[in-house]
Amino acid sequence: MSEEFVPYNHPVKFDNDQALINASRSLNKTIQGRRSVREFSDNPIPPEVIDNLVRIAASAPSGAHKQPWTFVVVSSETYKAKIREAAEKEEYLNYNGRMSDDWLNDLRKFGTNWEKEFITTAPYIIIVFKKSYDIESNGDKAKNYYVNESVGIACGFLLSAIHQLGLVSLTHTPSPMNFLAELLERPTNEKAFLLMPVGYAADSAVVPSIDRKPLSEVLLNY
Ligand code: IYR
């Protein structure tokens, strides 16, 4: 074998099934508490926390380990204001003609509208870019694989980590999203995938009263 392999030691954490069951129950309880939050406090978060969150997201598996992502962390008030203005411009058009009546109806229970205050209130926004291909140092294009799957998984890691730290986020997809690459002057191989504000929930934050599908609807045992 020409490539190098190293031993992988992932220590067994629980020495009996009951301990494993208990830990899985407890983790499920923690994760079930995650909600998409649209009302943020402007309380600051230490920058190292955001660095560590991005480290966690960027540890996700990816097609051929190409790691086809860039995480742009925005804390500058100027950039946040520009991004909010551009996002609201697109969302205004979405909510006033571009989204179908069915779509608007489906969104009614979430109380969303074109206004995106969280973009300027949250201390940080992370804009996740996907790299459809890489540009090598000599300018050549190099292929990436399963880019949407890879970047989606990285965003899942990020959401889960944010929640486990007692912080909140929201998967915002202002559409079309190309204004983000333009505003942030990203190279042509990067396309915005998701915009995630990160911060503490506002004391007054509310979330819609919705249920998750029961296991019987989402799990099939063969
Ligand atoms: N992008 C819009 C609309 C929107 C779409 C879906 I699907 C949602 O789950 C929530 C909102 C917005 O961010 O308001």
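Helices in this report are DSSP runs of H or I with at least four residues, strands are runs of E with at least two, and both are numbered from the N terminus.

## Overall architecture

The structure is a predicted model. Its secondary structure amounts to eight helices and six strands. From the N terminus onward, these elements follow the order α-α-β-α-α-α-β-β-β-α-β-α-β-α. The C-alpha trace extends over about 55 × 50 × 40 Å along the principal axes.

Of the 222 residues in the protein, 35% are classed as buried. The accessible surface is about 14,600 Å², and carbon and sulfur atoms account for 52% of that area. When contacts between residues at least 6 apart in sequence are considered, 81% link residues at least 24 apart.

## The ligand site

The ligand is surrounded by R38, E91, Y95, W103, L107, N113, K116, H172 and T173. By residue class, this shell comprises three nonpolar, three polar and three charged members. Two helices, α3 (77-98) and α4 (101-107), each contribute at least two residues to the shell.

Several polar atoms of the protein approach the ligand. The side chain of E91 places a polar atom 3.1 Å from a ligand nitrogen, and an N or O atom in the side chain of H172 is 3.1 Å from a ligand oxygen. At T173 the backbone is involved: one of its polar atoms lies 3.4 Å from a nitrogen of the ligand. On its own the ligand has 370 Å² of accessible area, of which the protein covers 69%.

## Helix α6 and its surroundings

Helix α6 spans residues 147-164, 18 residues in total. The distance from its first C-alpha to its last is 26 Å, close to the expected 26 Å at 1.5 Å a residue. Just after this helix, G166 adopts a positive phi of about 80°.

The buried residues of α6 are V147, S150, V151, A154, C155, L158, L159, A161, I162 and H163. An α-helix has 3.6 residues a turn, so residues three or four places apart point the same way. The buried residues of α6 pack against two helices, α1 (17-32) and α2 (47-57), and against the strands β1 (69-74), β2 (124-131), β5 (168-169) and β6 (190-199).

## Backbone conformations of note

Most residues other than glycine have a negative phi, and most peptide bonds are trans. What is the phi of A64, and where does this residue lie? Phi of A64 is near 50°, a positive value in a residue other than glycine, and its place is in the loop between α2 and β1. A64 counts as exposed because its relative accessibility, 57%, is over the 50% cut-off.

Q67 lies in the loop between α2 and β1, and its phi is likewise positive, near 50°. With a relative accessibility of 33%, Q67 falls between the 20% and 50% limits and therefore counts as partly exposed. Elsewhere, a cis peptide bond with omega of about -5° connects S175 and P176. P176 belongs to the loop between β5 and α7 (178-183).

## T121 and P11

Is T121 buried or exposed? T121 is buried because its relative accessible area of 19% is under the 20% threshold. This residue is part of helix α5 (residues 118-121). Its side chain reaches the backbone oxygen of E117 at a distance of 3.0 Å. Apart from neighbours within four places in sequence, T121 contacts F40, S41 and D42.

P11 is located in the segment before α1. P11 counts as exposed because its relative accessible area, 64%, is over 50%. Along the chain, P11 and R34 are 23 residues apart, and their C-alpha atoms are separated by 28 Å.

Definitions and conventions: Residues are numbered from 1 along each chain as its sequence is written. This is a predicted model: local features need pLDDT of at least 70, side-chain atom pairs count only at pLDDT 80 or more; totals for chains, interfaces and linings use all residues. Side-chain values use heavy atoms; hydrogens and water are left out. A residue is near a molecule or strand if one of its heavy atoms lies within 4 Å of it. A polar contact is a pair of N or O atoms within 3.5 Å; within protein, one must be able to donate a hydrogen and the other to accept it, and residues adjacent in sequence count only if both atoms are side-chain atoms. Accessible areas come from the Shrake-Rupley method with a 1.4 Å probe; for residues, only the protein chains shown count as cover. Ala, Val, Leu, Ile, Met, Phe, Trp, Tyr, Cys and Pro count as nonpolar, Asp, Glu, Lys and Arg as charged, and the others, Gly among them, as polar. The expected span of a helix is 1.5 Å times one less than its number of residues. Buried means under 20% relative accessible area, exposed over 50%, partly exposed in between (1.4 Å probe, protein chains only). Contact means heavy atoms within 4.5 Å.
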